[in-house]
Amino acid sequence: MDVILLPMIKPIRTEKDYERALSSIYTLMHKERTTLESDELEILSLLVKEYEKQHYPLPPLNPLEAIKFRIDQMGISPAELNAILGSRSRRSDIFSGRRKLSIRMIRLLHQKLNIPAETLISEY
C-alpha cells in the first residue's frame, strides 16, 4: 500500500499564515488538480474565509448599492427591475431617495435577485 503525504494544513493565526494560504490557493487554482489537491484548496479557502471574516470585516452594504451591484452582475435590464419594484417611476423614486423599499419589494428583491434580506432592510 502506497503512503500519500499530504501538505500540512494549519489554522491561520497570523498575517504571514494568511499570505502563505493565499499563495497556496493561487497556485492550486492555476493548475490541473488531483482530488487531494482539490480538497486542500477547499479547506484552505474555508480557513481564509474565516480569517478574513474575523480580521477584515466588511461594512454593511447600503441596500441601493447592493441592488445596483446585483443588477449589473446579473445583467438585469431596467424594465426587469421596474417589474420587481412596481414601475419606472417607483424605481426612480427609490434610487433618488424620495421613497423607501417596501416589505413587498424587499421580499421580491430577495427572491428574484438573491440579495440577503438583512442587507435590504438596512438603513440608508
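The largest pocket in this structure has a volume of about 200 Å³. Of the 12 residues lining that pocket, Met8, Ile9, Lys10, Arg20 and Leu44 are the closest to its centre. Please keep in mind that this is a predicted model. Below is a quick tour of the pocket, and then of helix 4.

**The lining of the largest pocket**

- Two helices, helix 1 (15–29) and helix 2 (35–55), each supply at least two residues of the lining of the largest pocket.
- Helix 1 gives the most to this lining, with 4 residues.
- Sorted by class, the lining of the largest pocket holds 7 nonpolar residues, 4 charged residues and 1 polar residue.

**Helix 4 and its two sides**

- Helix 4 spans residues 78–85, and its residues Leu81, Asn82, Ile84 and Leu85 are buried.
- Why do these buried residues lie on the same side of helix 4? They do so because they cover an arc of only 160 degrees around the axis.
- On the face of helix 4 turned away from the buried side, you will find the exposed residues Ala79 and Ala83.

**What surrounds helix 4**

- Three helices receive the buried residues of helix 4, which pack against helix 3 (63–74), helix 5 (88–96) and helix 6 (103–113).
- Just after helix 4 comes Gly86, a residue that takes a positive phi of about 120 degrees.

Technical notes. Residues numbered from 1 in each chain as written. Predicted model: local features only at pLDDT ≥ 70, side-chain atom pairs only at ≥ 80, totals over all residues. Heavy atoms only, no water. 1 Å grid on protein atoms, 1.4 Å probe; cavity = no way out; pocket = protein on both sides within 12 Å on 5 of 7 lines; lining within 4 Å. Points joined across faces, edges and corners; volume = space filled by probe spheres on them. Nonpolar A, V, L, I, M, F, W, Y, C, P; charged D, E, K, R; others polar. Buried < 20%, exposed > 50% of the residue type's maximum accessible area, 1.4 Å probe, protein only. Arc of directions from axis to C-beta. Contact = heavy atoms within 4.5 Å.
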